[in-house]
Amino acid sequence: MNIFQEPYCSILGVLLFVLLHGLCADPDAEVVHKAVGDSLELITGYQDILEVKWNYNEIEFAEYQSKNLKNLKPDLFHKRLKMNKDNISVTVADLKLQDSGSFSIVAVGESGQHPTKSIELHVHDRITGVQIEYSDSWSQSQNSCTFHLRCLASGDPNPSYSWTGHQDKTEGQHLNINLHPAESATLNCTANNTISVKYTTETVMCIKKSNDSSTSPGAGFPQNYLLIAVGVCIVVVILFGGAVAACCTWKKNKGQGESEADITVYEDVNTEVNAKKRSESVVNGMSIYETVDETKCSQKLPQTLYDKINYQRHPAVSANTSSPYQEVL
């Protein structure tokens, strides 16, 4: 940001004016304080006026001559200079911070030149609000709280500050106080700058702490982030533990599947004569397919669902046969 822009330029202009004209200011000059946006009327106050000149920081910007008012420097107070012929005066309207300076009125009457009127103008921002900021620290050795308070005013950047409510009245923007446990204090901060005054109050109380947060490790670390970090660590531990348990279970089940021969999907179908019966082959019942061959070894029967299949075909189709296919008895 350019520091020579408003309002910084205005503040620097005022300070420069004070430095250059403070020592040379007319001791008889009238000191006038105005707020930004106010008006300044520069009136002669004489009855036999023949000629008048108005100066601003030794620059002539308006004159009255031959019963006429004339603006000699239109750019100096651009569209803010009003001419009042009725009482022979000029008015600078809508004052700005940079308007602060020395004004003079030189008037000549029928009897000669009148004493020059000098005016020292100071334009200020109005104070729009005041607030108190503070921090505190606990001293275990002294068994007390130390409060560091700061008063902040909005509007005028350089007002005067004063504190009341704790011991004697204190001047300045900052205030430090000590309180014992359970003690409290209601403090009042007032900001003023000649044309405006604002104040606010704040109540502080000393609460004993177990240890000094200002010297303990990790002091100043936000509690929110600490709680979040702890929560994340707990979740990570739980997930890691679950992953380890699942891995161990999977390995255990895999080992049992490889070592236990009875747990299988398929099982031998024994067609030998001395094959086990189904009731004997079912040991653990953990098979989809089992030995299904309860054969009768004493009978020589076809090993099929049908009792007998005649594989003899008819030599040819005749009147006694009705189908070219074999006869199944």
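In this predicted model, strand β8 and strand β10, the latter covering residues 117–124, pair in the antiparallel sense over five bridges, and within that pairing I105 has K117 of β10 as its bridge partner. Pairing of this kind rests on a general principle: strands of a sheet are held to one another through backbone hydrogen bonds, and they may run either parallel or antiparallel. Strand β8 also pairs with strand β3, residues 49–56, again in the antiparallel sense and over seven bridges, and here K53 has V106 of β8 as its bridge partner. A further antiparallel connection, made of two bridges, joins β8 to strand β9, which consists of residues 112–113. In that connection the bridge partner of G109 is G112 in β9, and the two strands form a hairpin with two residues between them.

With these partners in view, one can ask how many of the nine residues of β8 are buried. The count is seven of the nine in this strand, which spans residues 101–109, so β8 is largely enclosed by the rest of the structure.

Strands β3 and β8 also lead to a group of aromatic side chains. A search of the whole structure finds six aromatic pairs, and one of them is formed by Y56 and F77, whose ring centres lie 5.3 Å apart and whose planes meet at 65°, so that the pair is edge-to-face. Because Y56 lies in strand β3 while F77 lies in the loop between β5 (68–71) and β6 (81–84), this pair ties together parts that are 21 residues apart in sequence. Residues count as buried when their relative accessible area is under 20%; Y56, at 8% relative accessibility, is therefore buried, and F77, with a relative accessible area of 2%, is buried as well.

F61 and F103 form an aromatic pair that is likewise edge-to-face, with 6.3 Å from centre to centre and 85° between the planes. Since F61 belongs to strand β4, residues 59–65, and F103 to strand β8, the pair ties together parts that are 42 residues apart in sequence. Both F61 and F103 are buried. Taken with the previous pair, these residues belong to one aromatic cluster, whose members are Y56, F61, F77 and F103.

Further along the chain, the reader meets an open sheet of three strands, arranged in the order β11-β12-β15 with antiparallel pairing. Its edge strands are β11 (129–139) and β15 (174–179), each of which pairs on one side only. Neighbouring strands of this sheet are turned by 20° against each other on average, when direction is ignored. Strand β12, which covers residues 144–154, is joined to β15 by six bridges, and the two run antiparallel; in this arrangement H148 stands opposite N176 in β15.

Another open sheet is formed by four strands in the order β14-β13-β16-β17, and its pairing is antiparallel. Which strands stand at its edges? They are β14 (170–171) and β17 (197–205), and because each has a single partner strand, one side of each is left without a neighbour in the sheet. Strand β13, residues 160–164, pairs with β14 in the antiparallel sense over two bridges, and S162 stands opposite E171 in β14. These two strands make a hairpin with five residues between them, in which G165 takes a positive phi near 115°. Strand β13 also pairs with strand β16, residues 184–192, in the antiparallel sense over five bridges, and in that pairing S160 stands opposite N192 in β16.

The last stop is a helix and the surface. I228 has its place in helix α2, which covers residues 223–259. Is I228 buried or exposed? Residues count as exposed when their relative accessible area is over 50%, and I228, with a relative accessible area of 52%, is therefore exposed. Together with V232 and V236, I228 forms a nonpolar patch on the surface, and the three residues have about 270 Å² of accessible area together.

How values were computed
Residues numbered from 1 in each chain as written. Predicted model: local features only at pLDDT ≥ 70, side-chain atom pairs only at ≥ 80, totals over all residues. Heavy atoms only, no water. Pairing = 2+ DSSP bridges. Axes fitted to C-alpha atoms, helices over the stretch in contact; angles between N-to-C directions. Patch = residues over 30% accessible without salt bridge, like charges linked within 9 Å, V, L, I, M, F, W, Y side chains within 5 Å. Areas by Shrake-Rupley, 256 points an atom, 1.4 Å probe, with all protein chains shown as cover. Salt bridge = Lys/Arg side-chain N within 4 Å of Asp/Glu carboxyl O. Buried < 20%, exposed > 50% of the residue type's maximum accessible area, 1.4 Å probe, protein only. Phe/Tyr/Trp six-rings, centres within 6.5 Å; stacked < 30°, edge-to-face > 60°.
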